[in-house]
Amino acid sequence: MTVVIGFEGSANKIGIGIIRDGEVLSNPRRTYITPPGQGFMPSDTARHHRAVILTVLKEALDQAGLKPADIDCVAYTKGPGMGAPLVTVALVARTVAQLWGKPLLGVNHCIGHIEMGRLITKANNPTVLYVSGGNTQVIAYSERRYRIFGETIDIAVGNCLDRFARVIKISNDPSPGYNIEQMAKKGSQYVELPYTVKGMDVSFSGILSYIEASRDIKRILFSLQETLFTMLVEITERAMAHCGSQEVLIVGGVGCNLRLQEMMGVMCQERGAKLFATDERFCIDNGAMIAQAGWEMFRSGKVTELEDSWITQRYRTDEVEVTWRD
């Protein structure tokens, strides 16, 4: 059996997870939470990660009931993400790999989300909607790559929600997106907002600028979610039709949103397709997803040499050769 430990810290979550042949043995996580109206700065986020990462590492090993000798490979997030937090986690992962005498693997964050979603839901070959604070992509697997069929041309959907939450000073605990979701449930009247879909690409910056001047918060939050998610459902359906797919997998932090899952589910039902999604344990950034992608890569013969174990803030999903799938 192959055991891989994964280190994730590309944004405000620091997580370390351990996977053994498809089984999640542990997955502890911490979140850097800032006051309402504030985002998280890279240097402050990195400082938070440095303060807790060894505690989280001990928790991961203790919860799994394992010792360093039981680990076969150390995986870490190579990118994309925020520079300072990525460096902090990569340094610890590199150090641990050398201290334990284990091979190292740099993992694409986006592919970590996809492989975790496939593991948990057992989706076979889905069209993937990857939605988070830093990314919005519609993805499908083809010829040893996760191909991007559509994406945001400006800001990510999660970033749109987070930035509006800062404008109206919604709490960041547990996350601004979750709190917007709860507040949106109190609304029911739809207000028409800018809707920008270009083929299979979307744009969210215009709608953000438009709503920043609004005063009717509850009504706007309801309409904001409905508009953003309708755009996402539209481009996902278009990609499904293009690929002849009958499965949709939603991954990334925004994928926890039950309204998004509900709207996507209606579309899938109308097409006779299946929807797959996970809850906050695996949708939100976590170490186990990096461990799972690392497990797949390691089993296919990949390793990252120490001199190549750098990080990058820009690392597209389709740059990675997917050697572990047919």
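UniProt positions are given in the numbering used here, with feature names shortened, and the annotations may be inferred rather than shown by experiment. The model is predicted: local features need pLDDT of at least 70, side-chain atom pairs count only at pLDDT 80 or more, and totals for chains, interfaces and linings use all residues. Residues are numbered from 1 along each chain as its sequence is written, and side-chain values use heavy atoms, with hydrogens and water left out.

**Figure 1. Positions annotated as "binding site" in UniProt.** The unreviewed UniProt entry places this feature at Tyr-130, Val-131, Ser-132, Gly-133, Gly-134, Asp-162, Gly-177, Glu-181 and Asn-257. Gly-177 is part of helix α5 (residues 176-184); helices (H or I, at least four residues) and strands (E, at least two) are DSSP runs, numbered from the N terminus.

**Figure 2. Surroundings of Tyr-130 in strand β7 (residues 127-131).** Tyr-130 is buried, at a relative accessible area of 0% (buried is under 20%, exposed over 50% and partly exposed in between, with a 1.4 Å probe and protein chains only). Leaving aside residues up to four places away in sequence, Tyr-130 touches His-109, Cys-110, His-113, Asn-135, Thr-136, Gln-137, Ile-139, Val-251 and Gly-252 (contact means heavy atoms within 4.5 Å). A polar contact of 3.1 Å links the side chains of Tyr-130 and Asn-135 (a pair of N or O atoms within 3.5 Å; within protein, one must be able to donate a hydrogen and the other to accept it, and residues adjacent in sequence count only if both atoms are side-chain atoms).

**Figure 3. Helix α8 (residues 258-271) and its ends.** At the N-terminal end, Asn-257 acts as a cap, with a side-chain oxygen 2.9 Å from the backbone nitrogen of Arg-259. The buried residues of α8 are Leu-260, Gln-261, Met-263, Met-264, Met-267 and Cys-268. Seen down the helix axis, these buried residues fall within an arc of 165°, so they line one face of α8 (the arc is that of the directions from the helix axis to the C-beta atoms). The face turned away from the buried side carries exposed Leu-258, Gln-269 and Glu-270. Just after α8, Gly-272 adopts a positive phi of about 70°.

**Figure 4. Cis peptide bonds preceding Pro-80 and Pro-174.** The bond joining Gly-79 and Pro-80 has an omega of about -5°, and Pro-80 lies in the loop between β5 (73-79) and α2 (83-100). For Asp-173 to Pro-174, omega is near 0°; Pro-174 is found in the loop between α4 (157-167) and α5.

Key: The expected span of a helix is 1.5 Å times one less than its number of residues.
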